[in-house]
Amino acid sequence: MTDLSVDLGFIKLKNPVLAASGTFGYGLEFSPFIDLNKLGGFVVKGLYFSPRPGNLPPRLVETPGGLINAIGLPGVGVERFSEEILPELRKYNTAIIVNVCGESNEEYASVVERLNKEEGISAYELNISCPNVKKDGLCPALSPKDTFSVVSLVKKSSSRPVITKLSPNVTDIVEIALSAQEAGTDALSLVNTFLAMAVDIETKKPILANTFGGLSGPAIKPLVLRMVYQVVSHVKIPVIGIGGISSGKDALEYLITGAKAVEVGTANFIDPETTVKIIEELKTYCQKKGIDKIETIIGTLKV
Amino acid sequence: MIKDPQALIVDKKNWKDYYLFSLESPGIASQALPGQFIMVRISAQPQPLLRRPFSIHSKEKKNIEIFFQITGLGTSLLSQKRIGESLDILGPLGKGFVTGESFQDKVIVAVGGGRGIAPLYFLSQELCSSGASVKIFYGGKSHKDLPLKEKFEKDGIELFCSTDDGSFGYKGFVSDFFKAELEKLNPSCVFACGPEEMMKKIAQITQEKNIPAEFSLESVMGCGFGACWGCVKKIKKNFKEEWTKICEEGPVFSREEIIWTEEEK
């Protein structure tokens with residue numbers, strides 16, 4: 001019997017496989033396909049305080065091995081989420097993590113303060129890294145100073161552990177990671193999407209209405225593995241790897257590199273059963289290698 | 001909504017760049033309604049990455065059909081699949097056309113432009129079996145763009161064909177042909193699927209004559225089941241205009257619900 005559980009310090013997950021925010025709806029969209037109870041957890045779609053419409057379409061364009069999205073964080077807002085969706089999510093025995101957004105530091109704090117009153121949430125994932133909501137992909141995670149100020153404010157407001165989701169669109173991600181750690185974040189998730197664009201040669205226009213979008217999918221995995229490697233060797237807090245994970249092998253690459261857990265993103269669109277399949281593949285790998293506890297392979301990269 | 005990882009390709013027909021696949025998928029076939037669609041995984045490799053949406057073209061017992069035209073890498077690779085191979089499909093997805101007993105003995109018109117004819121065969125199957133008199137307008141650029149003509153004719157459905165170049169049937173746009181014949185046919189309801197400009201015209205014409213109409217919209221889709229929010233169009237519901245997921249709330253909407261995109265200047 002292989003023990004797939006991983007301990008992030010502030011929360012114990014039954015296995016290291018989470019579903020990533022923005023690719024898993026509010027979770028319930030996947031209940032026709034998989035047993036949500038099997039997951040380590042899932043991160044629900046980013047929540048602002050009020051409902052939001054999101055960006056103009058076209059919002060999606062596929063590139064080789066990748067997907068560029070400029071969805072722009074549409075959503076039901078924190079009130080409707082708490083009243084209508086969260087009661088449904090509480091029925092599941094898995095970690096529910098809420099991705100928290102804000103147009104200002106104060107909005108992040110007010111979303112967290114509202115959610116503090118609700119039961120059944122394991123942690124908050126602070127989305128300071130969405131490239132699709134401000135001009136030129138601006139977001140707090142591009143600067144150590146902005147990262148520090150939003151994380152420290154949210155930590156003060158939060159009654160729950162906070163995971164800070166970083167942006168890859170920076171020169172030195174270690175600097176931002178250290179800033180978030182100093183501000184008191186309990187964990188880091190790496191990374192949000194890569195600022196990207198695609199061009200239509202017939203119309204000579206950007207394909208996305210937003211011009212820019214965020215690239216995800218298998219194409220980004222090597223870039224993110226490098227970032228996870230750099231960050232885990234400099235921080236003391238747990239790191240969650242996100243980027244191009246669609247198989248047990250992909251997940252293992254992140255765990256071996258030092259991520260304590262992973263989030264599966266774009267692959268959920270392609271095969272809604274991906275998360276559960278990855279968990280099975282991790283089990284098979286451990287059994288084959290005679291590994292009793294999956295935690296023992298975390299950070300075993302030989303360099 | 002079922003995931004069938006092994007829907008067997010049991011038949012395949014081809015006319016130039018148009019293809020008709022018959023897939024054995026008993027679970028999906030048993031639930032499918034006209035206007036609904038499936039998401040097809042083209043490759044296990046990372047390219048093409050996402051599934052592709054296809055209207056359900058027909059159902060017969062445990063089989064469903066999809067009809068498509070090669071428009072890019074996904075459809076090109078799909079066209080190369082052979083009888084005996086299987087496809088990983090999700091479906092049936094979305095909400096379909098309004099059909100049912102209320103159409104008994106009524107004249108119903110469906111207008112298909114190009115590959116937009118795809119869902120209208122299933123629709124006409126269903127409408128005929130509920131006792132409606134179905135007339136199909138089928139438009140294409142040229143004669144070769146009307147590959148399903150014989151299939152409809154074989155079923156005894158009255159067809160009104162048009163081609164932009166006049167190589168077959170009425171010369172001109174299918175929407176103009178529809179307008180010219182409308183008074184004579186006097187339909188109780190109109191359904192349409194095709195290029196947006198065509199559907200816009202059908203919307204205009206049916207509105208002027210005050211005939212109810214439904215349209216099947218097309219969009220790039222990330223997942224097909226409501227998780228990605230990528231496929232939105234502007235839809236009016238309860239007096240509010242909202243970016244609405246085509247995959248979940250559509251792809252079929254009534255004329256009153258659709259906010260057509262403005263023509264670019």
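Strands β12(B) and β13(B) run parallel and are joined by four bridges. One bridge pairs B:A192 with B:F215 of β13(B). This is a predicted model.

Which residues of β13(B) lie on each side of the strand? B:A213 and B:F215 share one side, while B:E214 and B:S216 take the other. All four are buried, so both faces of β13(B) are covered. In a regular strand, side chains alternate between the two faces of the sheet.

**Helices of chain B**

β12 (189-193) and β13 (213-216) also meet a helix: the buried residues of α6(B) pack against both. Two further elements of chain B take part in that packing, α5 (174-185) and β8 (107-113). The buried residues of α6(B) are B:M198, B:M199, B:K201, B:I202, B:A203 and B:T206.

How far apart should the ends of α6(B) be? The helix covers residues 196-208, which is 13 residues. At 1.5 Å a residue, the expected span is 18 Å. The end C-alpha atoms are 18 Å apart, which agrees. Just after α6(B), B:N210 adopts a positive phi of about 60°.

Helix α3(B) covers residues 118-129. Nine of its twelve residues are buried, so the helix is largely enclosed by the rest of the structure. The buried set is B:A118, B:P119, B:L120, B:Y121, B:F122, B:L123, B:S124, B:E126 and B:L127. Here too a positive phi follows the helix: B:G131 has about 90°.

**A hairpin in chain B**

Strands β14 (residues 233-237) and β15 (residues 240-244) of chain B pair in the antiparallel sense. Five bridges hold the pairing. B:K236 stands opposite B:E241 of β15(B). The two strands form a hairpin with two residues between them. Which turn residue has a positive phi? B:N238 does, at about 50°.

**Domains of chain B**

The domain assignment divides chain B into domain 1 (2-93), domain 2 (101-214) and domain 3 (217-265). The centres of domain 1 and domain 2 of chain B, taken over C-alpha atoms, are 24 Å apart. Their contact takes 13 residues from domain 1 of chain B and eleven residues from domain 2 of chain B.

Which strands supply at least two residues each to the domain 1 side? They are β5 (58-60) and β6 (63-69) of chain B. β6(B) gives the most, with three residues. By type, the domain 1 side of this contact has six nonpolar, five polar and two charged residues.

**The two chains**

The table sets out the fold of each chain.

| Property | Chain A | Chain B |
|---|---|---|
| Secondary structure | eight helices, 16 strands | seven helices, 16 strands |
| Radius of gyration | 18 Å | 18 Å |
| C-alpha box | roughly 55 × 50 × 40 Å | roughly 50 × 45 × 40 Å |
| Buried residues | 56% of 303 residues | 49% of 265 residues |

Chain A comes to eight helices and 16 strands. The globule rule gives 19 Å for its 303 residues, and the radius of gyration is close to that at 18 Å, so chain A is as compact as a globular protein of that length. Chain B follows the rule as well: a compact globule of 265 residues would have a radius of gyration near 18 Å, and chain B has 18 Å, which agrees.

How much of the contact within each chain spans long stretches of sequence? In chain A, 72% of the contacts between residues at least 6 apart join residues at least 24 apart. In chain B, residues 24 or more positions apart account for 63% of the contacts with a separation of 6 or more.

**The interface between A and B**

How many residues does each chain bring to the contact? Chain A has 27 residues in contact with 22 residues of chain B. On the chain A side, the elements that give two or more residues are β5 (60-63), β6 (66-69) and α7 (267-270) of chain A. That side divides into 15 nonpolar, eight polar and four charged residues.

Terms used: Residues are numbered from 1 along each chain as its sequence is written. Chains are lettered from A and ligands numbered from 1 in the order in which they are written. This is a predicted model: local features need pLDDT of at least 70, side-chain atom pairs count only at pLDDT 80 or more; totals for chains, interfaces and linings use all residues. The radius of gyration is taken over C-alpha atoms; the globule rule is 2.2 Å times the number of residues to the power 0.38. A residue is buried if 20 or more other C-beta atoms lie within 10 Å of its own, exposed if 12 or fewer, and partly exposed in between; C-beta atoms are placed from the backbone. Two residues are in contact if their C-beta atoms, placed from the backbone, lie within 7 Å. The expected span of a helix is 1.5 Å times one less than its number of residues. Ala, Val, Leu, Ile, Met, Phe, Trp, Tyr, Cys and Pro count as nonpolar, Asp, Glu, Lys and Arg as charged, and the others, Gly among them, as polar. Domain bounds come from an automatic or database domain assignment. Two strands pair if DSSP finds at least two bridges between them.
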